[in-house]
Amino acid sequence: QVQLVESGGGLVQAGGSLRLSCAASGTIFSINTMAWYRQAPGKQRELVAFIASGDSTKYVDSVKGRFTISRDNSKKAVGLQMNSLKPEDTAVYFCNAVVWVSSLSAGEYWGRGTQVTVSS
């Protein structure tokens, strides 16, 4: 079993910053990709940022230049630094990871989510 636990959400005014963190635990052989998704009320879940095992990154256009994803392989963790937050960034943010639980078996795992609310 693999667990992903997010932390760092909260309420912030527009223009402010928050940092989300996600730590993986359980039976982990290695972690491939890690990512952050978000889901706003009434909308589909969308990919916000993605970081590969080689540290290449990808961002949705709406957060480019404002959000930064990073990972710490020694801690099996991924972070999302969010600056210049806007009300439209309000959503539940989910951590996602593709984890090898052995040399032959991998799976995709999700955290339970953390609420980010940006007030105008």
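A disulfide, for our purposes, is a pair of cysteine sulfur atoms within 2.5 Å. With that in hand, hi everyone, let's walk through this one. Keep in mind that it's a predicted model.

So, how many disulfides does a search of the whole structure find? One. The partners are Cys22 and Cys95, and their sulfur atoms sit 2.1 Å apart. Along the chain those two are distant, 73 residues apart, with Cys22 in strand E3 and Cys95 in strand E9. The link is left-handed, with -80° about the S-S bond. Are these cysteines buried or exposed? Cys22 has a relative accessible area of 2%, and Cys95 comes in at 0%. Buried means under 20%, so Cys22 counts as buried, and so does Cys95.

Okay, from Cys22 we can step out into the sheet. E3 covers residues 18-26, and six bridges join it to E1 in the antiparallel sense. One spot to look at is Glu6, which stands opposite Cys22. Zooming out, there's an open sheet of four strands, ordered E1-E3-E8-E7, with antiparallel pairing. Which strands are at the edges? That's E1, residues 2-7, and E7, residues 67-72, each pairing on one side only. From one strand to the next, the twist averages 15°.

Now for strand E11, residues 114-119. A bit of background: in a regular strand the side chains alternate between the two faces of the sheet. In E11, Thr114, Val116 and Val118 make up the covered face, while Gln115, Thr117 and Ser119 are on the uncovered one. And E11 has pairing in both senses. Strand E2, residues 10-13, runs parallel with E11 over four bridges, and there Gln13 stands opposite Ser119. Strand E9, residues 91-100, runs antiparallel to E11 and is joined to it by three bridges. In that pairing, Tyr93 has Thr114 as its bridge partner.

Let's stay on Thr114 for a second. Its relative accessible area is 12%, so Thr114 is buried. A polar atom of the Thr114 side chain lies 3.3 Å from the backbone nitrogen of Gly9. Leaving out residues up to four places away in sequence, Thr114 touches Glu6, Gly9, Leu20, Ala91, Val92 and Tyr93. You'll recognise Glu6 from a minute ago, as the residue opposite Cys22.

Tyr93 comes back too, in the core. The largest nonpolar core has 30 residues, and Tyr93 is among those with the most contacts inside it, together with Trp36, Phe67, Ile69, Val78, Leu80 and Met82. Plenty of strands chip in: E1, E3, E4, E5, E7, E8, E9 and E11 give two or more residues each. Which element gives the most? That would be E9, with five residues.

Last stop, the loops. Two residues here have a positive phi without being glycine, and I'll take them in turn. Asp55, in the loop between E5 and E6, has a phi near 75°. At 46% relative accessibility, Asp55 is partly exposed. Then Ser84, in the loop between E8 and E9, has a phi of about 50°. Ser84 is partly exposed as well, with a relative accessible area of 40%.

That's my tour. If you open the model yourself, start at Cys22 and Cys95, the disulfide pair, then follow E9 across to E11, its antiparallel neighbour.

Key
Residues are numbered from 1 along each chain as its sequence is written. This is a predicted model: local features need pLDDT of at least 70, side-chain atom pairs count only at pLDDT 80 or more; totals for chains, interfaces and linings use all residues. Side-chain values use heavy atoms; hydrogens and water are left out. Buried means under 20% relative accessible area, exposed over 50%, partly exposed in between (1.4 Å probe, protein chains only). Two strands pair if DSSP finds at least two bridges between them. Axes are lines fitted to C-alpha atoms, for helices over the stretch in contact, and angles run from 0 to 180 degrees between N-to-C directions. A nonpolar core is a set of buried Ala, Val, Leu, Ile, Met, Phe, Trp, Tyr and Cys residues joined through side-chain atoms within 4.5 Å. A polar contact is a pair of N or O atoms within 3.5 Å; within protein, one must be able to donate a hydrogen and the other to accept it, and residues adjacent in sequence count only if both atoms are side-chain atoms. Contact means heavy atoms within 4.5 Å.
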